[in-house]
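Reader: I am new to this structure and should be grateful for a close look at a single part of it. Please choose one residue as a starting point, and then lead me from there to the helix beside it and to the surroundings of that helix.

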Amino acid sequence: MKCSVCLSRRLSRLEALARQASRVSAGPDLVVACVDAGRGQVYGGMFRRDGDSLTRTGDEAVFGAEELIEAAVIAAGELGISWVAVDPVALTGAAAWEPRAQRSESVQQVSGILAPAVAQLARVMAAEGRLTDALHLDANYIRRPDAEVKWKGYQKPVV
């Protein structure tokens with residue numbers, strides 16, 4: 001049985017990355033954070049930043065780099081976009097990145113060492129009373145690991 005406190009908010013690796021992003025404008029902006037997910041994909045998420053507040057604007061998911069770039073441009077509208085990644089080539093290597101580069105946008109490379117950002121997020125969550133114990137912690141796996149796919153013969157179910 002999961003407690004309601006545990007379900008209220010997950011501590012997110014992508015949010016920890018997004019918190020490291022430099023500002024592209026004085027006002028609100030969209031922060032796009034991603035990591036290379038292998039198999040030619042990225043694990044990404046988008047966050048609206050307004051002052052010190054960072055709010056997720058949809059689900060974190062595995063995307064093709066082209067798909068994430070296009071979705072971010074649509075989601076941003078008139079907002080500036082702060083791009084952040086541990087490995088910027090995962091985005092800048094995509095053909096859809098070219099128009100962003102022509103707009104003088106870049107992907108800020110941030111550290112994959114997330115302990116300081118995760119500790120900061122945990123502190124905020126604790127101050128808001130959103131705590132849990134070790135028995136209720138749960139990982140959020142987006143897709144099956146390569147080992148399972150390759151060695152166990154997993155095939156995606158036909159829908």
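Author: Let us begin with Asp36, which counts as partly exposed because its relative accessibility is 47%, a value between the limits of 20% for buried and 50% for exposed. Everything that follows describes a predicted model. Asp36 belongs to strand β1. Leaving out residues up to four places away in sequence, Asp36 touches Gln41, Asp87 and Ala90. From Asp36 one can step across to Ala65: the two residues are 29 apart in sequence, while their C-alpha atoms are 9.2 Å apart in space.

Ala65 brings us to helix α3, the part to be examined closely. Helix α3 covers residues 65–76, and its 12 residues should span 16 Å at 1.5 Å a residue. The C-alpha atoms at its two ends are indeed 16 Å apart, so the expected and the modelled spans agree. After the helix comes Gly77, whose phi is positive, near 60°.

The next matter is which residues of the helix are buried. In α3 these are Ala65, Leu68, Ile69, Ala72 and Ala76. When the helix is viewed down its axis, these buried residues fall within an arc of 100°, and therefore they line one face of α3. The elements that cover them include strands β1 (29–38), β2 (41–50), β4 (61–64) and β5, together with helices α4 and α5. Strand β1, where Asp36 lies, is thus one of the elements covering the buried residues of α3.

Leu68 gives a closer view of that face. This residue is found in helix α3, and its relative accessibility of 0% is why it counts as buried, the limit being under 20%. Apart from neighbours within four places in sequence, Leu68 is in contact with Val32, Cys34, Val42, Gly44, Phe63 and Leu91. Another position to locate from here is Gly45: it is 23 residues from Leu68 in sequence, and the C-alpha atoms of the two are 8.4 Å apart.

Two of the covering elements, β5 and the region of α4 and α5, also take part in an aromatic pairing. A pair of aromatic rings is described by how far apart the centres are and by the angle of the planes. The structure holds 1 such pair. The pair is made by Trp83 and Trp97, arranged edge-to-face, with 5.1 Å from centre to centre and 85° between the planes. It links distant parts of the chain: Trp83 sits in strand β5 (residues 80–85), whereas Trp97, 14 residues away, is in the loop between α4 (89–92) and α5 (98–102). Both tryptophans are buried.

Charged side chains may be considered next, and helix α5, which spans residues 98–102, offers a way in. Arg100 forms a salt bridge with Glu105, in which the closest N and O atoms are 2.8 Å apart. Arg100 is buried because its relative accessible area is 9%, and Glu105 is likewise buried, at 16%. Through salt bridges that share partners, Arg100, Arg103 and Glu105 are joined into one network. The count for the structure comes to 6 salt bridges. Among them is the one between the side chains of Glu15 and Arg19, at 3.4 Å from N to O. Its two partners fall into separate classes of exposure: Glu15 is buried, with a relative accessible area of 3%, while Arg19 is partly exposed, with 30%. Glu128 and Arg130 form a further salt bridge, their closest N and O atoms being 2.0 Å apart.

It remains to place this part within the whole. The secondary structure comes to 7 helices and 6 strands, and from the N terminus on the elements run α-α-β-β-β-β-α-β-α-α-β-α-α. Of the 159 residues in the protein, buried residues make up 31%. Among contacts between residues at least 6 apart in sequence, 62% join residues at least 24 apart.

Finally, a word on confidence. The mean pLDDT of the protein is 83, and 79% of the residues reach 70 or more. Over residues 1–8, however, the pLDDT is below 50, and this stretch has 12 contacts in the model beyond near neighbours in sequence.

How values were computed. Residues are numbered from 1 along each chain as its sequence is written. This is a predicted model: local features need pLDDT of at least 70, side-chain atom pairs count only at pLDDT 80 or more; totals for chains, interfaces and linings use all residues. Side-chain values use heavy atoms; hydrogens and water are left out. Rings of Phe, Tyr and Trp (its six-membered ring) pair if their centres lie within 6.5 Å; planes under 30 degrees apart count as stacked, over 60 as edge-to-face and the rest as tilted. Helices (H or I, at least four residues) and strands (E, at least two) are DSSP runs, numbered from the N terminus. Buried means under 20% relative accessible area, exposed over 50%, partly exposed in between (1.4 Å probe, protein chains only). A salt bridge is a side-chain nitrogen of Lys or Arg within 4 Å of a carboxyl oxygen of Asp or Glu. The expected span of a helix is 1.5 Å times one less than its number of residues. The arc is that of the directions from the helix axis to the C-beta atoms. Contact means heavy atoms within 4.5 Å. pLDDT is the predictor's confidence in each residue, from 0 to 100.
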